[in-house]
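Me: Hi! I'd like to go through a structure with you, bit by bit. Could you put it up?

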Amino acid sequence: MEPVLDVVWPKSPLGTQSRRPAPRLDSLRGKRIAFAWDYLFRGDELFPVLAKELTERFEGVEIVNYDVFGNLHGPNELELVNGLPDALAMHRIDGVVSGNGC
Amino acid sequence: MLRVSVACEAAGVPTVSLVCEGFERQAAATGRGLGFDRLPLAVLKGHVDAQGYDEMVASFVEHTLAQVVDGLTVAIADDGETNVEPSALDTAVRGTLDEVHHEFATRGWSDGLAIIPPTRGRVESYLAVTGHDPWRILGTARPSGRDVTVWSLAVNAVMAGCRPEQFPVLLALADVLLDPHYGAQHSGNTTGSDALIVLDGPVVDDLGFNHGAGALRDGAGAPNTVVARWFRLVLRNIFGFTNDEHDKGTFGNSSRVVLAEDMGALADIGWAPLSADFGVIPGVDSVTVARMNGGLIVGSVVGSTPEQIVPYLADSLARVTGWELTHVYGLGQGQYSPLLILSPVLARVFARAGWSKADVQTALFEHARIPAWRFETLIGEWSNLTAGRRTLVDLAAEGVVPAVFAESNDPKRLVPIVTSPEKFRIAVSGDPNRTNAYVFSNDGTHGNWTSKPIDRSYSTDLVCSIENKGACS
């Protein structure tokens, strides 16, 4: 008779605490929306389109462009991403559109 | 970009992340691993790089724009699901050898090759030899968010067929994976590079790693093969790099066996091993890891002097380099650092003429050059990885590449492929009497060169029984 084996799990427990996402906005009207870009995949062409569409559709919306935050996927990724909370507060950002993961 | 969104959400600012079609699962898994489940995505249909401008904009406005607005304004539902996972000592699979193999392969827990079934007893015996506390948490795996525990490393070591005396090497490799400088979270990038592990120090010979003929061949050295297999299993099972989660390699690379340097040859010629480039004192056991896109054999090198053999070696480094120039500038900055592996007989040609490694690096910097137009086209026009299509002259004026890249405006001028001579890495391995070399192009910031020392001393951590986790805290 072939032996039966009791084998353990090769993964490990999730060590990251689950957190609630930030509250969503009631509307984009009058809000400051930031773009956060990884300087890849045509964000320099898409974000201006998005800025135009949001500005036309939502009264008083203000766009804070990606160059304010720098290349968030480049050699300074760690430093810039760690600095985002301060940068968001400094620029009074209400919401962020980040991209592009392709 | 989920990492960016997570940083914003943690700061209390709602986000929506733009991803191309096909990235939804990876994005969701990355958010989950960082503690934020179900973050909103806005999906770009197809791939923007394969679309004309009008097509891309029309698709964006029609399909993606509403998702951007919804992502910022529609509340995220909590579906109340809780995923119950086994604990470390639970039986995850019960069955015969064939059934265990089948279950592990089906559930994505193995690479499909036969494994040593990690029974609790076998893992306990393995760790008892090393003396390590199984419940010590070495860090958090990115992007999966899983704890990297000594126990989990040992389970995968058993599966891969690693011997207990190899465990210190594995712990040093875990240190590499946990070092933010290495950037393990990029290990599933679409271009699909894979790690090359280089082993230095007395450990090479003490543990029987192969550094001779077939140094990079599967199975030519058992330790070289199983340690590299373990590395891949850990990326799969603990760091989350499977096709349904974080691995987005379009093609991927096969796993590479550990490259052990020929410590005897290095000692003979008075050269330090590769790890010395990264601060490890020669003579100290170490692992050095970088992710590599591809390699190229440099066959039948002819010449009895450095001057005769440098042009061919340099030409090979230039030929193995294409898209990777984006790590000189683009995706990275000054992070392109390719590897030249010399067989011992070729290394001796340099040493006999009194050349140090630094001399070889300087000569490679002078000879491994390509036309400026080609460099600019690769990082700008063909790959669209340099915003604004700036020239090397522009980049030198901004101070982001050295002046040597902008000695004139002539597009046919020859420019280096790295930012400084020491960026060329050199290792010595392979059949000692064959005049062949090998070159690897590294993947820059997606797996930066990182060295860690290996501590082979017996651990005194195991002060508690495996049944008594609390006593180990």
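Me: Thanks! In what sense do strand S4 of chain A and strand S1 of chain B pair, and over how many bridges?
Reply: This is a predicted model, to start with. In it, S4(A), residues 95-101, and S1(B), residues 15-20, pair in the parallel sense over four bridges.

Me: Which residue stands opposite Ser98(A) there?
Reply: That would be Ser17(B), in S1(B).

Me: Nice. And what is the strand order in the sheet?
Reply: The order is S3(A)-S2(A)-S4(A)-S1(B)-S2(B). These five strands form an open sheet, with parallel pairing.

Me: Which strands are at the edges?
Reply: Strand S3 of chain A (62-64) and strand S2 of chain B (41-44) are the edge strands, each pairing on one side only. As for twist, neighbouring strands are turned by 20° against each other on average, direction ignored.

Me: How many bridges join S2(A) to S4(A)?
Reply: Five bridges, and the two strands run parallel. S2(A) covers residues 32-37. Within this pair, Phe35(A) stands opposite Val97(A) of S4(A).

Me: What about helices, which strands does H1 of chain A touch?
Reply: H1(A), residues 43-57, packs on the sheet and touches S2, S3 and S4 of chain A. The direction of H1(A) makes about 170° with that of S2(A).

Me: And H1 of chain B, which strands does that helix touch?
Reply: H1(B), residues 2-10, packs on the sheet too, touching S2 and S4 of chain A together with S1 of chain B. Its direction makes about 175° with that of S1(B).

Me: Zooming out, how many residues of chain B are in contact with chain A?
Reply: 84 residues of chain B are in contact with 53 residues of chain A. On the chain B side, the largest share comes from helix H3 (residues 53-73), with 10 residues. By class, that side has 51 nonpolar, 23 polar and 10 charged residues.

Me: New topic: at what angle do H5(B) and H6(B) cross?
Reply: Their axes cross at roughly 105° and come within 9 Å. H5(B) is residues 120-130 and H6(B) is residues 150-160.

Me: Why call H5(B) roughly perpendicular to H6(B)?
Reply: Because angles of 65 to 115 degrees count as roughly perpendicular, the crossing makes H5(B) roughly perpendicular to H6(B).

Me: Which residues make the contact?
Reply: From H5(B), Arg122(B), Val123(B), Tyr126(B) and Leu127(B); from H6(B), Ala154(B), Val155(B), Ala157(B) and Val158(B). By class, the contact has seven nonpolar, no polar and one charged residues.

Conventions: Residues are numbered from 1 along each chain as its sequence is written. Chains are lettered from A and ligands numbered from 1 in the order in which they are written. This is a predicted model: local features need pLDDT of at least 70, side-chain atom pairs count only at pLDDT 80 or more; totals for chains, interfaces and linings use all residues. Two residues are in contact if their C-beta atoms, placed from the backbone, lie within 7 Å. Ala, Val, Leu, Ile, Met, Phe, Trp, Tyr, Cys and Pro count as nonpolar, Asp, Glu, Lys and Arg as charged, and the others, Gly among them, as polar. Two strands pair if DSSP finds at least two bridges between them. Axes are lines fitted to C-alpha atoms, for helices over the stretch in contact, and angles run from 0 to 180 degrees between N-to-C directions. Angles under 35 degrees count as roughly parallel, over 145 as roughly antiparallel, 65 to 115 as roughly perpendicular and the rest as oblique.
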